[in-house]
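Biologist: I've got this one open on my screen and I'd like to go through its packing with you. Can you pull it up too?

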Amino acid sequence: MAGHSKWANIKRQKARVDAVKGKVFARISREIIVAARSGVPDPAGNFQLRTAIEKAKAASIPNENIERAIAKGAGLAGGSSELEAIRYEGYGVGGVAILIEALTDNRNRTAADLREAFSKNGGNLGETGCVGWMFDHKGVCTVRGPIDEEQLFEASLEAAAESYDLILIDEDTEGAEVFTSVADLEQLADVLKQKNFAVVQSENRWIPSNTVEIDSPEKARSLLKLMDALEDLDDVQSVTANFEMTDELMSLSMV
């Protein structure tokens, strides 16, 4: 079970509490709408919808908000949603590759907002495919620990997982991330749950095949400002980049 890119560590280091809870609610609600529209509006028969609902509950989104989003996606609440999923690609300082996943009802607006965020923070929005080849799309299950590694290894083999990584979910809780193909994510989640592992999240994630080491405060500050600017855009669902930096440099750059 080989290891994987260190981007997960960067992602955990970079994680921050959103200043506006409504922004988190809106992003997850859009995921629910798209999931309900793309399959049956019943979580029992729609894995994408089920995982979006689990994410919503973990974020303490009220049940009535969840039901409203499902109804909207199913076309039962009027104002049929025209949201579409689009992937954008670009560069930050030092040639850092950045992938952005968005859900939007206006491509022109989203592209203009992204282009402005890049240009104001030392980067540039590129053409489709300019950096996508540097990333692999994987399914990831996050398991809350403590973890018996032998049992996790056996369960991962049974579910045809590709790798796993023992992590620290937060300062006090151990856990693991188990990686598989996007097509096998539902199977992996089901097997881990059957084996009594506490699966707290199942998601698709972009994993960089190579990383760029950031070694100066100026570049670090520019990249983190760019990441923040992109993540703060209403249409953006996720931002992934292939840079690494030390905890110390990241702390200095976020002051």
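Biologist: Which elements do the buried residues of α7 pack against?

Modeller: Ground rules before that: this is a predicted model, where local features need pLDDT of at least 70, side-chain atom pairs count only at pLDDT 80 or more, and totals for chains, interfaces and linings use all residues. Residues are numbered from 1 along each chain as its sequence is written, and side-chain values use heavy atoms, with hydrogens and water left out. Helices (H or I, at least four residues) and strands (E, at least two) are DSSP runs numbered from the N terminus, and contact means heavy atoms within 4.5 Å. The buried residues of α7 pack against α3 (47–58), β4 (135–144), α6 (149–158), β6 (174–181) and β7 (198–208).

Biologist: Around the axis of α7, what arc do the buried residues cover?

Modeller: Buried means under 20% relative accessible area, exposed over 50%, and partly exposed in between (1.4 Å probe, protein chains only). In α7 (residues 185–194) the buried residues are L185, L188, A189, V191 and L192. They sit on the same side of α7, because the arc, taken from the directions from the helix axis to the C-beta atoms, is only 165°.

Biologist: And for α6, within what arc do the buried residues fall?

Modeller: There the buried ones are L152, A155 and S156, and their cover includes β5 (163–168), β6 and α7. They line one face of the helix, since seen down the axis of α6 they fall within an arc of 100°.

Biologist: Which residues touch the most other members of the largest nonpolar core?

Modeller: A nonpolar core here is a set of buried Ala, Val, Leu, Ile, Met, Phe, Trp, Tyr and Cys residues joined through side-chain atoms within 4.5 Å. The largest one has 27 residues; β1 (84–91), β2 (97–104), α5 (107–120), α8 (217–231), β9 (236–241) and α9 (247–253) each supply at least two. α8 gives the largest share, 6 residues. The members touching the most others are I98, I100, L230 and F243.

Biologist: Is N46 buried or exposed?

Modeller: N46 lies in the loop between α2 (21–38) and α3. Its side chain makes polar contacts (N or O pairs within 3.5 Å; within protein, one atom must be able to donate a hydrogen and the other to accept it, and residues adjacent in sequence count only if both atoms are side-chain atoms): the backbone oxygen of A35 is reached at 2.9 Å, and the backbone nitrogen of Q48 lies 3.2 Å from a polar atom of that side chain. At 6% relative accessibility, N46 counts as buried.

Biologist: How many residues apart are E162 and K138, the pair that links distant parts of the chain?

Modeller: Their side chains meet in a salt bridge (2.7 Å, N to O), which by definition needs a side-chain nitrogen of Lys or Arg within 4 Å of a carboxyl oxygen of Asp or Glu. E162 is in the loop between α6 and β5, while K138 is in strand β4, and the separation is 24 residues.

Biologist: Which residues do salt bridges that share partners join into one network?

Modeller: The structure holds 12 salt bridges. One of them pairs the side chains of D105 and R109 at 2.9 Å, N to O; D105 counts as exposed at 52% relative accessibility, and R109 as partly exposed at 33%. The network joins D105, R109 and D235.
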